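Trainee: I am new to this structure and would like to learn how to read its features one at a time. Could we begin with the general idea in each case and then turn to the example itself?

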Amino acid sequence: MSQESPERTEGDLTKTGMSLRHDREWDYELDRIVEAVAERDAETVGLQFPEGLKRRGPRVADDLRSELPDDVSVMISGQPCYGACDLDTYLMRRTDVFVHFGHSPMKESDKIIYVPLFSNVDVFPIMERAVDEQLAAADEDPDVGLVTTAQHMNKFDEMRSWLEERGYTVHTRKGDERLTHEGQVLGCNYASADVDADQMLYVGGGKFHPLGLAMEHPDKHVVIADPVNNAVSVADTEKFMKQRYGAVHRAMDADEWGVIFCTKIGQGRWEIAQEIVEENDDAYLITMDEVTPDRLTNFGLDAYVNTGCPRITTDDGPQFKQPMLTPQEYRIAIGEEPLEALEFDTFHDTW
């Protein structure tokens, strides 16, 4: 069994579940998993981790096995995982308890245990900087929208209260069914940012989420307060827009198109893929689970339309040898919509 520290300081998660000697930043909620195994008389447990946490998987399995009966088998998914919509259905069907780490539930299921892995990082110093450096003063513009990611949802109510104590009127909402929490954003969904405020405060790591937010809501001033990298900035869409315009322009000369339908459980847009193929005799429907440049090279087509996860296009688009477009960008490339109508591609509702 893992050894617990004799003392616990504020923000230390070692005693909120079962301690993990290799990591004190996350609560893996192993006690909840052990209880689920006992309740279901489970013989097999499957664990799925996002890419950045896979290296911790074996150690989590070690600590879990130390608490489970000897006849319970623990397996780790090696499939790529980029979100709550990206479940290893093969492993899920072959285990009695399936645990998905790192994301909030996208769809309730008795078979799946979602462990969001809340961060214990202190968000308030970077929020203080954001208020001082980038947000309008409360007496000038008190209205501010507040959003964050799943890892910081445990601090969301405190964030809202912190801003209100400084004179701001905080606007929040829960987006569509793809989102679990009020104020939560995903890399493919920013419906929670549709609030009556001209300035938005995004608290979280990375720039992709606030960039997508700024693309979908170009009228808003999006301030990024990154507590992980201790950085404050403003979402700037200019570089991203140039990249997307370039991809669309290159695709305008395409004769043959590959239309990709992603078979991952929460990423398929079958109707959109089917419609494109039915209307274009030079378009070919290609199904695959993991969309990578290497997998497309051998088809030898001129350009591709991605109807799967929008981040395949926006994150990985420059890596593909041929233009990789969103469905709307495809319509622009073939002349059905004007170039200036280009919008950020998002996912709504659950699978």
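Mentor: Let us begin with a term: a crossing of two helices is called right-handed if the near helix is turned clockwise from the far one by less than a right angle, and left-handed if anticlockwise. Please keep in mind throughout that this is a predicted model.

Trainee: At roughly what angle do the axes of helix H1 and helix H2 cross?

Mentor: In general, two packed helices are described by the angle between their axes and the distance between the axes. Here the axes of helix H1, residues 30-40, and helix H2, residues 57-65, cross at roughly 55° and come within 10 Å. That angle makes H1 oblique to H2, and the crossing of H1 and H2 is right-handed.

Trainee: Which residues of H1 and H2 meet?

Mentor: From H1 come Leu30, Ile33 and Val34, and these meet Val60, Asp63 and Leu64 of H2. Sorted by class, the contact of H1 with H2 has five nonpolar residues, one charged residue and no polar ones.

Trainee: In what order do the strands lie in the open sheet that contains S1, and which are its edge strands?

Mentor: The order is S2-S1-S3-S4, an open sheet of four strands with parallel pairing. Its edge strands are S2 (73-76) and S4, each of which pairs on one side only, and from one strand to the next the twist averages 20°. Within the sheet, S1 (residues 44-48) runs parallel to S3 and is joined to S3 by four bridges; as one example, leucine 47 has valine 99 as its bridge partner in S3. H1 packs on this sheet, where it touches S1, S3 and S4, and its direction makes about 170° with that of S4. H2 also packs on the sheet, touching S1, S2 and S3, and the direction of H2 makes about 170° with that of S2.

Trainee: What is there to notice about the phi of glutamate 29 and of aspartate 41?

Mentor: As a general matter, most residues other than glycine have a negative phi. Glutamate 29, although not a glycine, has a positive phi of about 55°, and aspartate 41, also not a glycine, has a positive phi of about 50°. Glutamate 29 is found in the segment before H1, while aspartate 41 lies in the loop between H1 and S1.

Trainee: Are glutamate 29 and aspartate 41 buried or exposed?

Mentor: Glutamate 29 has a relative accessibility of 17%, and because buried means under 20%, it counts as buried. Aspartate 41, by contrast, has 67%, and so, with exposed meaning over 50%, it counts as exposed.

Trainee: Where is serine 104 found, and what is it in contact with, leaving aside its neighbours within four places in sequence?

Mentor: Serine 104 is found in the loop between strand S3 (97-101) and strand S4 (112-115), and it is buried, with a relative accessible area of 5%. With its neighbours within four places in sequence left aside, serine 104 is in contact with Ala84, Tyr114, Ala150, Thr180, His181 and Gln184.

Trainee: What is the order of the strands in the open sheet that contains S10?

Mentor: That open sheet has four strands in the order S11-S10-S12-S13, again with parallel pairing, and its edge strands, each pairing on one side only, are S11 (283-288) and S13 (324-325). S10 pairs with S11 in the parallel sense over six bridges, whereas four bridges join S10 (residues 257-262) to S12 (residues 303-306), also in parallel. Tryptophan 257 shows both pairings, for its bridge partner in S11 is alanine 283 and its bridge partner in S12 is alanine 303. Helix H8 (residues 270-279) lies across S10, S11 and S12, running at about 150° to S11.

Trainee: Which residues of S10 lie on each of its faces?

Mentor: In a regular strand the side chains alternate between the two faces of the sheet. In S10, Trp257, Val259 and Phe261 are on one side and Gly258, Ile260 and Cys262 on the other, and both faces are covered. The strand S10 is thus described as mostly covered, with six of its six residues buried.

Notes. Residues are numbered from 1 along each chain as its sequence is written. This is a predicted model: local features need pLDDT of at least 70, side-chain atom pairs count only at pLDDT 80 or more; totals for chains, interfaces and linings use all residues. Side-chain values use heavy atoms; hydrogens and water are left out. Axes are lines fitted to C-alpha atoms, for helices over the stretch in contact, and angles run from 0 to 180 degrees between N-to-C directions. Helices (H or I, at least four residues) and strands (E, at least two) are DSSP runs, numbered from the N terminus. Angles under 35 degrees count as roughly parallel, over 145 as roughly antiparallel, 65 to 115 as roughly perpendicular and the rest as oblique. Contact means heavy atoms within 4.5 Å. Ala, Val, Leu, Ile, Met, Phe, Trp, Tyr, Cys and Pro count as nonpolar, Asp, Glu, Lys and Arg as charged, and the others, Gly among them, as polar. Two strands pair if DSSP finds at least two bridges between them. Buried means under 20% relative accessible area, exposed over 50%, partly exposed in between (1.4 Å probe, protein chains only).
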